[in-house]
Amino acid sequence: MGTPAPPSSGPSRIVNVRALWAGGAASAVVAALVAVVGVLICEGVLDLEMAPPPLLPIGRSLSVQYAVTSAVLALAATGLAHVLALTTPRPESFFSWIVGLATVVGVAVPLGSSGSWGGRLATALVDLAIGLCVLTLVRSLLGRTTQRVLPGPWRAPDQYGPITPPPDGR
């Protein structure tokens, strides 16, 4: 009868950093395009004057500022996902809560600002679409680019393939 091995101090997850950040960059492009489409529909098609939320002051166009801000927020969400994957026991849950609550703030800010009701509602809906886009895309990246590592001497994933056998109980 042997004593169980002490828990390993090694990582509990392996993160495919290249895939995570490549997907994060693609998510940033999608979020920027959602912002541009939202501004085009709200201001161009529906002829509403949007209540601009706090945006990065890059360029003079609302579309450009919205797109750049959305892309930067998607990259920040990717960084958050990376940190959570390395430090928390259930990174997908924490990520969903953090980004979900940030999206609620993004929706509430324009609703409480000045301007026409239609413009404030349009801005809130565009913010909601961007937040949901970032939430779903980066959360799915988090699930696909991280792999749990079992503790103990049998934890090397490449040694046994995709299924790790249990330790020898002798």
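This is a guided tour of one protein chain, with a suggestion at each stop of what to select next.

**The whole chain**

Before selecting anything, keep in mind that the model on your screen is predicted. Show the chain as a cartoon and follow it from the N terminus, where the elements run in the order β-α-α-α-α-β-α, which comes to five helices and two strands. If you then colour the 170 residues of the chain by burial, the buried ones make up 35% of them.

**Helix 1 and the loop after it**

Select residues 17–45, which form helix 1, and pick out G38 within that helix. G38 has a relative accessibility of 12%, and because buried means under 20%, G38 counts as buried. Now add A67 to the selection: G38 and A67 are 29 residues apart in sequence, while their C-alpha atoms are 9.9 Å apart in space.

Move on to D47, which you will find in the loop between helix 1 and helix 2. Is D47 buried or exposed? With a relative accessibility of 65%, D47 counts as exposed, because the cut-off for that word is over 50%. The backbone deserves a look here as well, since most residues other than glycine have a negative phi. D47, which is not a glycine, has a positive phi, near 55°.

**The largest pocket**

Next, select L73, A102, T103, G106 and I130, which are the lining residues that lie nearest the centre of the largest pocket. The lining has 21 residues in total, and the space in this pocket is about 450 Å³. Which helices each supply at least two residues of the lining? They are helix 2 (62–87), helix 3 (91–111) and helix 4, so colouring these three separately will help you to see where the lining comes from. By kind, the lining residues divide into 15 nonpolar, five polar and one charged.

**Between helix 3 and helix 4**

Stay with helix 3 and select G100, which has its place there. G100 is partly exposed, because its relative accessibility of 24% falls between the cut-offs of 20% and 50%. Draw a distance from the C-alpha atom of G100 to that of L135: the two residues are 35 apart along the chain, and the separation is 7.1 Å.

Then select R120, which lies in helix 4. At 17% relative accessibility, R120 counts as buried, because that value is under 20%. A second distance to draw is from R120 to V109, which is eleven residues away in sequence and 9.1 Å away in space, C-alpha to C-alpha.

**A nonpolar patch on the surface**

For the last stop, switch to a surface view and select W117, L121, L125, L128 and L132, which form a nonpolar patch with about 470 Å² of accessible area together. Look at L132 on its own, and you will find it in helix 4, the helix of residues 117–145. Its relative accessibility is 43%, so L132 counts as partly exposed.

Terms used
Residues are numbered from 1 along each chain as its sequence is written. This is a predicted model: local features need pLDDT of at least 70, side-chain atom pairs count only at pLDDT 80 or more; totals for chains, interfaces and linings use all residues. Side-chain values use heavy atoms; hydrogens and water are left out. Patches are made of residues with over 30% relative accessible area and no salt bridge: like charges are joined within 9 Å, nonpolar side chains (Val, Leu, Ile, Met, Phe, Trp, Tyr) within 5 Å. Accessible areas come from the Shrake-Rupley method with a 1.4 Å probe; for residues, only the protein chains shown count as cover. A salt bridge is a side-chain nitrogen of Lys or Arg within 4 Å of a carboxyl oxygen of Asp or Glu. Helices (H or I, at least four residues) and strands (E, at least two) are DSSP runs, numbered from the N terminus. Buried means under 20% relative accessible area, exposed over 50%, partly exposed in between (1.4 Å probe, protein chains only). On a 1 Å grid over the protein atoms alone, a cavity is a set of points where a 1.4 Å probe fits but cannot get out, and a pocket is an open set with protein on both sides within 12 Å along at least five of seven lines; lining residues have an atom within 4 Å of a point. Grid points are joined across faces, edges and corners, and a volume is the space filled by probe spheres set on the points. Ala, Val, Leu, Ile, Met, Phe, Trp, Tyr, Cys and Pro count as nonpolar, Asp, Glu, Lys and Arg as charged, and the others, Gly among them, as polar.
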